[in-house]
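Grab a pencil and work through a few short exercises. Each one sets a task and then walks through a solution.

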Amino acid sequence: MNQPSKNSTTNIPSTIFCILCASIPLFMLPSLYEYALLPKRMLLQLGLFTIALIWWFDFKNQKKHLFHSALYLPIICYFLFATVSITQATNSTTAIIELAHQLTFVGLFILAYHTFQIENFPKFLRICATVGIVVSFMGILEARGIDANWFPLSNGRPSATFEYRNFAAAYLILSLPLTLLLWIQAKKNTDFLLGIVATTMMLTFLIYTRTRGAWVGFLGAICITLFIASFAKWRWKTPFAFTICWKNKTNQAITALAVILLVFLATLPPQIASPHSRAIDEGKLELANALSFATAPQADRGRRTLWTHTIAMIQDHPLLGVGLNNWQYLYPLYDQGDMIGAQSAPVRPHNDWLWIASEMGIPAWFIYMWFLTTIALMVVRILQNTKNPSYGLYTLAISASLLAMLGHGQVSFPKERIETNFIFWFGLGIIAQIATHTQNAKPIHHPITKWGILSIPLVLLFCTGLSYCHIQFDRHYLRAYEYHQGNQYQGVIMEANQALKWGNFNPQIYFLQGNGYRYTNQPLHAENAYLQGLRYHPYSVQFLKALGTAYALQNKLDLAEKTYDKALEIYPDYAPVYNDLGNIYQQRQEFSKAIAAYKKASHLNDPTTQRNLALAFVATDSTQQAIALYRNLITSQPSDIALFYELGEAYFKHASQDPNAYIQARAAFNHFLKHWQGDPQFKQIAQTKLQAIQTHLTQTP
């Protein structure tokens, strides 16, 4: 496409792309909360920025040209809608971060299209296979019971360097078609061995992840690709470059051995030894059970519920959506407690197409369909017209990768991850380049192209700077989180304040900051922190509960009640909020309301709620119910001496109905006095009660 001149820097971008291919899947920074996302993103942006500067230099010196692609128009239209959707965002900071994330990959596509030398593609395949072997070796070790403490904390092993097994699976299904390509078209025995080893290990790792959505996406992509290849060979006589390595009997024996090894390893159930990792469902440990589990009622993990509520969101925001990456902030309004929990809430709909429609609007979804259709037509034209056998295979392999990501994206969110998007958009750039070669396209000569090319490094510089600030924020966020886990609240406040100097990249920082102030007896500062968090996440029941507590600590009971009521409108089954609401009613001596609230929370069998309910029963003379609760609590918590004091109070009050209760009250108070080591004032009260009990018992005939 571009002919390098004598002093051209043409080969440098291809080398940088190969370096990115090798380093992005492996790169992590354990000092960050998002240790496997943010570092990969910034590494990619730095590499692309360097390539963009080189392209600008070469273009300026007329050593490079700009070529048209049929994908440009749908991409431009898509990003116009993405930019406008920011105006609808509840949290515009998050929307801008997502826009920068997506613009990075548009830059990747353009730079791969114009600067990567396609003759270096076999080298790219070898690097991809080598990295696949490395991460698969790690993942297989994890799955075979090795305690992988040398990795940062994983939410779900086996995950290698990808933080979670589903993310690892997404990377594998995009890389596998490329290692298969290396294996199939190998011209050297070393490439054949590299391809077969990588494919075998990656398939084994993929099976161990037990990510059925990835399995279906990969198998569907392979089946569709084989059909297209067969049709192209029959209908269009498309040449494909198969080599003589397959005729070698030694290579055939190696292939048979690889298949046997794959079958053997795949049938062994994963054994995860790391204690902090989220366990694989027992129903998916055995391979046969994992396959049959797909038809079980619980197999969707609540996705159908998420999709139903997301469709309702789309109906309410059909034109511009709710703003990039703002699905998570509006979703609680639609959930009504179906998926939201006391400590967690969904942040994605687990379907890329619904995600796009809900955040950017239905017109953007149609533009995305136009974009996918354009890719499909481009692939068809290449297969119809190419005379180069390698181009045909390159196109098929990359198409399989793209299809695998699209398939997996129907039940997951691979478009969020750096390592998967790198392969997707890089592959798309190679397809666009092959299409240009096949059609013998002419370069664009227009004055505006110079400024268009200059804008790419400028945009990437902005994206890199934003990622740098995000990383600095995230470093302090992790420290604040760790201090919070260790109940070191002064440290929480210090690190939260440091994090916010870099920007508000995650509203949860205000929750940590507010808790820091709350537990250091600064309720007004806690209130302000929670209110600030609610500006960015207005329907977070976690923030609303915390704000209600901050109000209650300042005796702003009316505001606390209204805040708790708002939380319950969003999450009607939020039991801890009913407990807090009951406390407010009890402070107001509205005991019947308090009892009703505590009863709604009591299904959790939380000792604090049961105790509060018992106190309310005593206040309303429902002493028999209170006594029953106290006796149950003492059975489960015999070391809590204060319970004996409260039980004595309940018996003492019940004695007005049954004088025999004085005897039980005396026993409870005596036990309390014998073991109590706390405030001596309560001992004095208990002794006074005992004197009164003795008087009553003496006067009783």
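## Exercise 1: a covered helix

Helix 14, residues 352-360, is mostly covered, with 8 of its 9 residues buried. Some ground rules before the task: this is a predicted model, where local features need pLDDT of at least 70, side-chain atom pairs count only at pLDDT 80 or more, and totals for chains, interfaces and linings use all residues. Residues are numbered from 1 along each chain as its sequence is written, and side-chain values use heavy atoms, with hydrogens and water left out.

Task: find which residues of helix 14 are buried and what they pack against.

Solution. Start with the terms. Helices (H or I, at least four residues) and strands (E, at least two) are DSSP runs, numbered from the N terminus. Buried means under 20% relative accessible area, exposed over 50%, and partly exposed in between (1.4 Å probe, protein chains only). Next, pick out the buried residues of helix 14: D352, L354, W355, I356, A357, S358, E359 and M360. Finally, look for their packing partners, which are helix 3 (72-85), helix 11 (303-316), helix 12 (327-330) and helix 15 (362-385).

## Exercise 2: helix 22 and the loop before it

Task: work out how far helix 22 reaches, and what covers its buried residues.

Solution. First, the length: helix 22 (residues 541-553) has 13 residues and spans 18 Å from its first C-alpha to its last. That is close to the expected 18 Å at 1.5 Å a residue, where the expected span is 1.5 Å times one less than the number of residues. Second, the cover: 11 of the 13 residues in helix 22 are buried, among them F543, L544 and Y551. Helix 20 (508-518), helix 21 (523-536), helix 23 (557-570) and helix 24 (575-587) are included in what covers them. Third, look past the end of helix 22, where N555 follows with a positive phi, near 65 degrees.

Now step back to H537, in the loop between helix 21 and helix 22. Is H537 buried or exposed? It counts as buried, at 14% relative accessibility. Contact means heavy atoms within 4.5 Å. Leaving aside neighbours within four places in sequence, H537 is in contact with Q328, Y329, P507 and F543.

## Exercise 3: a loop residue with a distant partner

Task: place Q185 and find how far its C-alpha is from that of Y394.

Solution. Q185 sits in the loop between helix 6 (165-184) and helix 7 (189-208). With a relative accessible area of 9%, Q185 is buried. Along the chain, Q185 and Y394 are 209 residues apart, yet 9.9 Å separates their C-alpha atoms.

## Exercise 4: cysteines

Task: explain why C18 is not bonded to C21.

Solution. A disulfide is a covalent bond between the sulfur atoms of two cysteines. Here it is counted as a pair of cysteine sulfur atoms within 2.5 Å, and the count comes to 0. The sulfur of C18 has its closest cysteine sulfur in C21, but at 6.9 Å that is too far for a bond. C77 is in no disulfide either, as the nearest cysteine sulfur, in C463, is 20 Å away.

## Exercise 5: the whole chain

Task: describe the protein chain in a few numbers.

Solution. Count the elements: 30 helices and 2 strands. Then box the C-alpha atoms along the principal axes, giving roughly 115 × 60 × 40 Å. Last, check the cover: 55% of the 701 residues are buried.
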